[in-house]
Structures are given as C-alpha cells and as structure tokens.
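Here's a quick tour of a few spots worth a look. Have the viewer open as you read.

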Amino acid sequence: MSTSTSENIHDGCVGEQTPLLRKDVKLSKPTPLPKMQLFGLMLLLLAEPIMSLSVLPYISQLVSELPITHGDQKRVGYYAGIIISLYFVGESFTVLQWSRLSDRIGRRPVLLGGIVGLMLATTLFGLSRTFWALSISRFLAGALNGNIGVTKSMVAELTDESNMAQGFSLLPMAWALGATVGPSVGGIFARPHDRWPNAFSNQFWLDYPYFLPCAVTTAYAMVPLAIASIFLKETLHRDSQTPESGEEVSEIIIDVRSNNCSARPPPLRSLLTRPVLLTVSNYAAIAFLEISVHTLVPVVYATPVEHGGLGLGPARTGICMGAYGIMNGLLQVTFFARIVKRLGVRGSLVAFVSCLIPTFLLFPIAGLHARRVGMDHALFFYIFLQLFSMVGVDMTYGCIFMYVSSAAPNKGTLGATNGLAQTVASVQRSVGPAISASLFAFSLENNIMGGYGVFYALTALTFSAIWLATRLPRDSWKLQDEGRFGDRAS
C-alpha cells in the first residue's frame with residue numbers, strides 16, 4: 001500500500017486512491033449479508049425487468065399489425081429487433097453518466113429516479129400506435145433508467161470478498177424473477193378485448209390493445225418504489241452522519257460513512273487499466289450473445305412454423321418465458337454460489353458461457369421437428385432443454401459482476417467502473433437484437449442453411465467468448481500494494 005494511501009486511512013479520510021478492501025485484514029468466515037438493505041435493493045431491481053421485458057411475448061404480433069411491414073411476416077423480425085434494441089441504445093447513452101452521478105450524490109436518489117423514468121416511458125409505450133412512437137418510448141425507457149450499473153456498485157459496497165458471490169447471485173435471481181413476471185403479464189394481458197370482451201369492450205381497449213400490460217407493470221412498480229423510498233439506506237456517504245442500521249456491512253470494508261471527505265469524479269482515463277479493459281471485453285462478448293438469445297427466443301417461439309418459428313403464439317410464449325424465469329431464479333439462488341466455490345469464478349464463467357452452444361443449436365433442432373412432426377411432447381422437451389441451458393447462460397453475469405467490481409482501481413472509481421462496463425454492455429445489447437433478428441429474417445428469406453444460418457453463426461462466435469473468458473484470473477483481480485487490483489492471479 002502506498003504511503004499516501006496509508007496516510008489517508010490513518011487520518012480517517014477516504015479518498016479516490018483508497019482501495020476497496022483492506023489488505024491488512026484477513027477473512028476468517030463469510031460476513032453476514034445486510035439482508036434488509038439487499039431486500040430493498042432487489043425490490044427496485046425487480047421492477048426493471050418486469051416493465052422492460054413485458055413487451056417480449058407480444059412484440060412480434062404488435063409489429064405485424066403496424067403498416068410498416070406491409071403484411072410481410074418475414075419482415076417482422078427486422079422491426080421487432082429494432083424496437084427491442086432501442087432500450088439498450090438509450091441506456092448506452094446515459095448509464096455511465098448516471099453511475100458517475102451516483103458517485104457524487106449517492107446511489108439511492110439515482111435508483112429511485114430511474115424507476116420513475118422507466119414508469120413514465122412504459123406508460124408512453126402502451127399509448128403508442130406507430131413505429132416511431134414505439135421506438136421513441138422504448139429509447140426513453142433505457143435513457144431515463146441507469147439503475148443496473150448503480151445497483152452493482154451498491155452491492156459491491158454492501159459485500160466483501162467473503163460473501164461477494166452470494167451478494168451478486170441475487171442480481172440475476174431478481175432479474176430472473178422479473179423475467180418471469182414481466183413476460184407473463186405481457187402475454188396474459190395483451191389485447192384484453194380478445195380474451196375478456198365483456199370486461200374490456202370500451203373503444204379505448206380496441207385503439208390501444210397493448211396498454212393494459214404496460215399499465216399493470218407500471219402499477220406494480222409503485223409498490224417497490226414506495227418500499228425502497230422508506231427502507232433503502234444510502235451506501236455512499238461523504239458526510240459525518242452514520243446511517244441508522246442495525247446491520248454492519250463488514251469490518252474489512254473501509255467505512256466512508258463516518259468521514260467528511262469530498263471527492264471529485266475521477267477522470268475516465270483512470271479506468272483504462274488492464275483488469276478493467278479485459279473484464280469489460282468479456283462483459284461485451286457475453287452481453288451480445290446473451291441478448292441475441294433473449295431476442296430470438298420470443299421471436300422464434302411466436303413466429304408461425306411455416307415462417308421458420310415454432311408457432312406457439314404470444315400466450316404460450318409468455319408461459320414459456322415465465323417458466324424459464326422461475327427455473328432461473330431457483331437455480332441461481334440454490335447453485336450459483338456453490339458452483340463458484342467449487343470451480344472458481346473463471347472456471348464457472350467458462351462453463352456458463354459454454355451453455356450458449358446447446359442454446360443456439362436447439363433452435364434448428366426444435367424448428368426442424370416442428371416442421372416435420374408438429375407440436376408434440378418432444379417439441380416441448382426441446383424447449384425445456386433450451387430454457388435450462390439459458391439458465392447457465394444467465395449465470396455468467398454473477399461472475400462478470402464480481403470481476404467488474406474487483407477490477408475497479410479504487411473506491412472513488414467503483415461507480416464509474418460499473419458505469420463504463422454497463423455502457424459497453426448496453427452498446428452490445430443495442431446492436432444485438434437488431435443484428436440477430438435481422439440475420440434470422442435474412443436466413444429465412446434466402447434459405448441459408450435451411451433458414452437456420454444465424455444460429456450456426458452465433459454458435460461459432462460463442463467459441464471466441466469462451467477463449468476470452470479463459471484470459472481472466474481464477475477468482476478475481478487481487479489487491480496489490482499500490483491499493484489497486486492489478487495482475488492476474490494464478
């Protein structure tokens with residue numbers, strides 16, 4: 001540890017060069033997680049996928065009803081991919097700034113404001129009747145909400161190396177639960193006048209057939225917003241007050257809550273270290289492939305068999321996505337920390353990324369079966385295998401989040417590091433849906449490899465992501481004498 005860093009610690013002042021974890025304290029046993037704080041944080045995180053993913057089951061049908069497709073079902077994938085990706089385009093423009101703002105004013109106000117922005121944009125989406133209005137509202141949903149990067153910073157401040165795997169496993173679990181509720185709500189409540197004509201006979205429901213799922217998810221978001229507003233405590237404190245909390249986060253985390261130090265936002269060039277760049281590169285590769293999966297699944301499932309899909313329709317697609325979310329949440333919370341403990345973070349990451357291979361290959365397997373045999377028990381078995389593989393894919397994020405937080409050069413750059421990583425991931429998620437959906441439509445129109453060329457191409461890219469994951473350290477970026485995380489561990 002450098003002399004300046006040591007002086008800062010002994011003087012009771014934490015600055016930008018203060019390391020995240022103290023080197024002179026050894027970990028004996030896992031530190032108890034601050035349950036109430038994490039509960040409030042997960043409630044806020046839960047609202048985001050519920051609102052943002054509720055459009056997936058009906059997005060193909062919505063686009064097919066727009067005049068922009070001119071009745072050509074094969075072009076639906078192009079425009080559905082664009083609308084889905086615009087959420088991440090908006091997020092990529094603002095998430096770094098939201099994260100840097102949280103380094104200055106605190107995590108809590110940014111998180112609460114992000115949910116409010118997402119609620120407004122979701123309501124606007126339900127009232128949109130043209131392609132451009134849908135696109136603008138989807139863009140605003142991402143731009144007004146930078147919570148995912150700030151959430152990771154907050155979890156990093158609430159955990160240490162002894163319980164980090166447990167803490168970060170809650171993020172995919174909360175997202176999985178939201179991915180269960182959101183698509184289920186979207187599939188069930190889309191076009192309510194068709195399912196419940198007596199209750200929704202008003203002309204409004206004929207003019208805005210997809211407003212109800214947006215209204216339901218927005219109404220739900222008010223509940224965690226109110227709870228978090230009351231119970232969620234700030235984790236970044238630069239004043240002399242200590243928050244009232246009966247649970248101590250950890251003695252080995254340097255407590256900035258009782259110090260009266262002010263710090264300017266760190267320059268972005270301070271983030272351009274090898275650990276940050278290598279970790280962000282892995283995050284980008286995984287984000288592109290994962291969002292491609294989540295874009296193609298609802299599109300392929302809902303597309304008619306004669307047009308290259310499985311012909312499940314919006315309702316069955318929503319049920320499948322809901323079942324996947326339940327399975328994802330249960331397996332994440334039950335097995336993620338155990339797998340990481342046994343295989344290490346890198347070994348787990350490589351195994352989880354490898355799950356993309358069966359995930360992509362099951363698309364043509366299920367599609368060919370649907371064309372030749374139709375909808376039977378074997379088809380749903382293939383769907384189950386694919387959704388089960390997707391659970392492994394989603395577990396990659398728990399590993400990546402640990403690498404991102406441990407790659408931060410110091411305490412003052414934690415929010416900025418998470419913001420940078422989320423920005424790059426959002427860019428990949430911006431282009432991923434448009435590229436994958438467009439390649440799916442292109443493969444069908446030109447009968448490339450039987451119409452399944454896109455899935456073989458994405459399988460090939462998966463091998464590059466696996467190689468990139470092997471370049472990371474076994475567990476995390478370790479603390480060096482200079483008060484930063486440096487060379488790779490063996």
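Is D194 buried, partly exposed or exposed? Keep in mind that this is a predicted model.

## D194 and its surroundings

D194 comes out as partly exposed, because its relative accessibility is 46%, and partly exposed covers the range between 20% and 50%. You'll find D194 in helix α9, which covers residues 192-195.

The side chain of D194 makes a polar contact with the side chain of H193, at 3.2 Å. If you want to look further along the chain, try P209: it sits 15 residues away from D194 in sequence, and the two C-alpha atoms are 9.0 Å apart.

## A nonpolar patch on the surface

Next, head over to L124, I136, L140 and L144. Together these residues make up a nonpolar surface patch, with about 310 Å² of accessible area between them.

One of them, L144, is in the loop that links α6 (131-143) and α7 (147-158). With a relative accessible area of 35%, L144 counts as partly exposed.

## S348, out of sight

Now for S348, which belongs to helix α13, spanning residues 313-354. Its relative accessibility is 0%, so S348 counts as buried; the cut-off for that is under 20%.

What does S348 touch, leaving out residues up to four places away in sequence? The contacts are I339, V340, L343 and C399.

Technical notes
Residues are numbered from 1 along each chain as its sequence is written. This is a predicted model: local features need pLDDT of at least 70, side-chain atom pairs count only at pLDDT 80 or more; totals for chains, interfaces and linings use all residues. Side-chain values use heavy atoms; hydrogens and water are left out. Helices (H or I, at least four residues) and strands (E, at least two) are DSSP runs, numbered from the N terminus. Buried means under 20% relative accessible area, exposed over 50%, partly exposed in between (1.4 Å probe, protein chains only). A polar contact is a pair of N or O atoms within 3.5 Å; within protein, one must be able to donate a hydrogen and the other to accept it, and residues adjacent in sequence count only if both atoms are side-chain atoms. Patches are made of residues with over 30% relative accessible area and no salt bridge: like charges are joined within 9 Å, nonpolar side chains (Val, Leu, Ile, Met, Phe, Trp, Tyr) within 5 Å. Accessible areas come from the Shrake-Rupley method with a 1.4 Å probe; for residues, only the protein chains shown count as cover. A salt bridge is a side-chain nitrogen of Lys or Arg within 4 Å of a carboxyl oxygen of Asp or Glu. Contact means heavy atoms within 4.5 Å.
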